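Good morning, and thank you for making time for this. I would like to walk slowly through one structure, so please keep the picture in view while I talk.

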Amino acid sequence: MKKDKVFTAIISVFALAFLAGVGLCVWEYLSISKTKTVIEKTEKSLKRLANQGEAPALTEENLAVESANSKKLADAKTQKIVAVKGKRAADFLPKQTADGEEFKSSLISTVNNHIAKIESDKIVLDSDARSFGFSRYLSVKPDEKALPLLGTEQKVVQLLVEKLVGARNNVENTLRNVNLLPPDKRVFLWIKGIRREAAELPKKDGATNAPVNKDELSVAPTETSAESGLYRLVYAGNSRGMPFPSLRVPNAVDAVAFQIGFVAPTSVLRDFVSAFSGNGDYPIYIRDIAVSPVSAGDIDAKKNELNPPATVPVPGVDTAPAPAADDFDIFGTASAGTDTAAVAEPVVPVAPIKSVVSPEALSEFWVTLEYVTPVENPVAVEENEEE
């Protein structure tokens with residue numbers, strides 16, 4: 001029994017010695033690894049110091065070059081921002097007001113002035129266009145937070161209307177200068193609708209709400225919009241939306257969409273589009289033009305709205321029927337009601353017969369535009385701060 005105790009004690013001593021040896025080995029290994037790491041870091045530092053002569057030195061010349069390069073990059077960025085904004089970007093700055101009721105009153109007055117001016121110019125204005133995209137706020141006071149955006153949109157719509165009416169006037173002047181339009185005739189223009197993107201409305205779950213009113217648009221993103229630039233343009237009667245190549249870029253460029261629909265000769269469309277092409281005056285860009293035919297019956301009906309036919313004479317009264325009034329003749333064709341039976345046989349003209357110029361056909365156009373503004377990129381700012 002005594003021998004067992006001695007044997008156990010001896011085994012215990014050997015076990016403790018073994019554990020102590022293992023612990024010393026582990027400690028030594030860790031110490032060696034740490035020393036090795038320090039040595040590697042020191043060697044890298046020495047190599048950097050040894051190769052320092054190969055790197056460009058921080059001389060005054062190098063600093064000047066770096067400063068010049070930074071200035072060139074800043075100037076290029078500024079030029080791009082100016083190009084996107086346009087030369088007359090300040091024209092669209094909204095009036096500073098925080099009173100929704102004041103905005104509504106001003107809007108009503110502006111809309112009434114537009115209607116009076118358009119109708120005095122013998123332009124047909126459909127009911128869907130008589131609110132100029134702002135039917136929502138002709139009876140309801142807008143939220144104060146939405147006033148800056150609504151003020152800018154109002155100025156954009158005003159410019160679109162002015163440029164369209166101006167395009168019709170320019171075409172008329174051109175035709176009169178070459179004796180193709182008599183002074184008492186007008187080029188036909190029928191404004192069918194004006195829509196604006198209701199970007200001030202709240203969004204649910206990150207998606208743009210479908211528009212409620214007929215004169216509103218909604219631009220809805222897709223899963224690939226950030227990369228492809230393609231969105232969905234939604235409006236009344238097209239709840240699924242049409243593909244829309246927007247200029248908006250997340251964290252870089254904001255944009256608001258507009259649509260204006262009208263019936264006119266193609267020359268009016270060309271003059272209207274030229275106001276937003278190439279000259280860079282306005283931060284407004286054409287994004288899409290849809291063209292479709294329009295029936296002669298619809299055009300005649302609209303002409304009669306502004307120029308009702310003459311009163312029909314009472315039966316039994318020996319009077320010649322009066323021709324219907326028609327101020328909308330692009331090239332001024334002969335009046336209706338000519339008595340061909342009483343005309344003598346034609347005489348051979350002395351001068352050669354002139355070629356007949358056919359009137360320009362009328363078409364329905366829907367032009368989609370975007371008003372764009374560059375914005376600061378918060379992601380880039382954060383990256384610069386981290387550096």
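Let me begin with a word that I will use throughout: a residue is called buried when its relative accessible area is under 20%, and exposed when that area is over 50%, with partly exposed in between. Please also keep in mind that what you see is a predicted model.

With that cut-off in hand, we can turn to Arg 248, which counts as buried because its relative accessible area is 13%, and a value under 20% is what the word requires. Arg 248 sits in the loop between strands E5 and E6. What does Arg 248 touch, if we leave out residues up to four places away in sequence? Its contacts are Glu 197, Val 219, Tyr 231, Val 253, Ala 255, Val 256, Ala 257 and Glu 370. Two of these deserve a closer look, since the side chain of Arg 248 makes a polar contact with the side chain of Glu 197 at 3.1 Å, and another with the side chain of Glu 370 at 2.9 Å.

The pairing with Glu 370 is also a salt bridge, with 2.9 Å from N to O. This pair links distant parts of the chain, for Arg 248 lies in the loop between E5 and E6 while Glu 370 lies in strand E8, 122 residues apart. Glu 370 counts as buried, because its relative accessibility is 0%. The fold brings another such approach here, as the C-alpha atoms of Arg 248 and Pro 374 are separated by 9.0 Å although the two residues are 126 places apart along the chain.

As a general matter, side chains of opposite charge can pair when their charged atoms come close. How many salt bridges does the structure hold? There are 16 of them, and I would like to show you two others. In one, Glu 153 pairs with Arg 196, and the closest N and O atoms are 2.8 Å apart. Here too distant parts of the chain are linked, with Glu 153 in helix H4 and Arg 196 in strand E2, 43 residues apart, and both Glu 153 and Arg 196 are buried. These two residues belong to a network of salt bridges that also takes in Arg 136, Glu 200 and Glu 216.

Glu 216 leads us on to strand E3, where it is the bridge partner of Arg 196. Strand E2, residues 190-197, runs parallel to E3 and is joined to it by two bridges, whereas E3 and strand E4, residues 230-235, run antiparallel and are joined by four. In that second pairing, Ala 220 stands opposite Arg 232. Is strand E3 enclosed or open to the outside? Five of its five residues, 216-220, are buried, so the strand is largely enclosed by the rest of the structure. In a regular strand the side chains alternate between the two faces of the sheet. In E3 both faces are covered, with Glu 216, Ser 218 and Ala 220 buried on one side and Leu 217 and Val 219 buried on the other.

For contrast, let us look at helix H3, where the other salt bridge is found. Glu 101 and Lys 104 pair there, their closest N and O atoms being 3.3 Å apart, and both lie within H3, residues 100-120, three residues apart, or about one turn of the helix. Glu 101 counts as partly exposed because its relative accessibility is 36%, while Lys 104, at 15%, counts as buried.

The buried residues of H3 are Gly 100, Phe 103, Lys 104, Leu 107, Thr 110, Val 111, His 114, Ile 115 and Ile 118. They cover an arc of only 135° around the axis, which means that they lie on the same side of H3. Strand E1, helix H4 and strand E2 are among the elements covering them, and the face turned away from that buried side carries the exposed residues Asn 113 and Ser 120.

Finally, consider the two ends of this helix. At its start, a side-chain oxygen of Asp 99 reaches to within 3.0 Å of the backbone nitrogen of Glu 101, and just after H3, Lys 122 takes a positive phi of about 60°.

Key. Residues numbered from 1 in each chain as written. Predicted model: local features only at pLDDT ≥ 70, side-chain atom pairs only at ≥ 80, totals over all residues. Heavy atoms only, no water. Buried < 20%, exposed > 50% of the residue type's maximum accessible area, 1.4 Å probe, protein only. Pairing = 2+ DSSP bridges. Salt bridge = Lys/Arg side-chain N within 4 Å of Asp/Glu carboxyl O. Contact = heavy atoms within 4.5 Å. Polar contact = N/O pair within 3.5 Å; in protein donor to acceptor, adjacent residues only side chain to side chain. Arc of directions from axis to C-beta.
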